[in-house]
Amino acid sequence: MQLLKQQSAAWQEKKAYTIATIVETQGETPRSVGSKMMVLEDGTICGTIGGGVLERQVQADALDCLKTGSPILKHYENRSVTGISPCGGRIAVFLEPCLPRPQLVVVGAGHVGAALIRLSSQFDYSVTAVDTRDTDITRENVKCADAFYLTKDFSEDLLRLPLPEHAFYLVSTYGHEEDCEALASVLQKNPRYVGMMGSPVKIRSIFHRLKERGFSEEQLHFVHTPVGLDIGGETPMEIALSILSEIQMVRYGKTGASLSAGREE
């Protein structure tokens, strides 16, 4: 019951964790089948499957499991640091990663921003919208978002808002000045992805201003702009599909290349 409470707390706080469950034992083992422990993304352990070197091995594999996002069955021998087996037992452990929904923050709830909010909500993203405008149109545009922050300005408010680290961000406000201020703040949020809409002229202008403010080439190179994959289309929903396709590519560490390109004839 205590472990369930800790799982619930981690899920509420949007923390990733792995559940390690003993599913098979052979010989003498410190814990029996069904014993569980939870390994949080910072390495913290809740519960135990026996302690010692074996548990540290499971802990390391559980953290690796969070990187891949895939469950795995692993086998371990109950050995000491010297390699001598105090019990001579073996266990099989099922490692199941539990990852919170990826966070997508849409800065600017205009036509494309609204289309991305609606589209991404169908792909299990937790979507947050941020805008300085409070109109009938923006209120309608953010209906599919999980959260909406109405701010006074993008520069200061994006920094103070409780927006998650490692989130996916789209900057799509209604003006060059607003885009520049929003991008400057977003780059300080340790994002996993940043996309910004804009023409080449606009991008050069904003990047020049941000360089003068101390942003590095590496930081600016991280920004996906012009945003999206080259799949064609010009309507807001088509552009949103292009952007979400690029986000999905980054999310899963793929290339965006056609799957048929490597087909053997």
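Let's start with a helix pair: H3 passes H9 in a right-handed crossing. Keep in mind that this is a predicted model. Besides that pair, there's an open sheet of five strands, with helix H1 and helix H2 packing on it.

**Where H3 meets H9**
- Helix H3 covers residues 111-120 and helix H9 covers residues 236-251; their axes sit 8 Å apart, at an angle of about 60 degrees.
- That angle makes H3 oblique to H9.
- On the H3 side, the residues in contact are His111, Val112, Ala115, Leu116, Arg118, Leu119 and Ser120.
- Across from them, H9 brings in Pro236, Met237, Ile239, Ala240, Leu241, Ile243 and Leu244.
- Sorted by class, this contact has 11 nonpolar residues, two polar ones and one charged one.

**The sheet**
- Follow the strands across and you get E3-E2-E1-E5-E4, with antiparallel pairing.
- Strand E3 (45-47) and strand E4 (72-77) are the edges, each pairing on one side only.
- On average, neighbouring strands are turned by 25 degrees against each other, ignoring direction.
- E3 and strand E2 (residues 36-40) run antiparallel and are joined by three bridges.
- For instance, methionine 37 has glycine 47 in E3 as its bridge partner.

**Helices on the sheet**
- Helix H1 (residues 2-12) touches strand E1 (17-26), E2, E3 and strand E5 (90-98), and the direction of H1 makes about 25 degrees with that of E2.
- Helix H2 (residues 52-68) touches E1, E2, E3, E4 and E5, and the direction of H2 makes about 30 degrees with that of E5.

Key. Residues numbered from 1 in each chain as written. Predicted model: local features only at pLDDT ≥ 70, side-chain atom pairs only at ≥ 80, totals over all residues. Heavy atoms only, no water. Axes fitted to C-alpha atoms, helices over the stretch in contact; angles between N-to-C directions. Helix = DSSP H or I, 4+ residues; strand = E, 2+ residues; numbered from the N terminus. Parallel < 35°, antiparallel > 145°, perpendicular 65-115°, else oblique. Left-handed = near helix turned anticlockwise from the far one by under 90°. Contact = heavy atoms within 4.5 Å. Nonpolar A, V, L, I, M, F, W, Y, C, P; charged D, E, K, R; others polar. Pairing = 2+ DSSP bridges.
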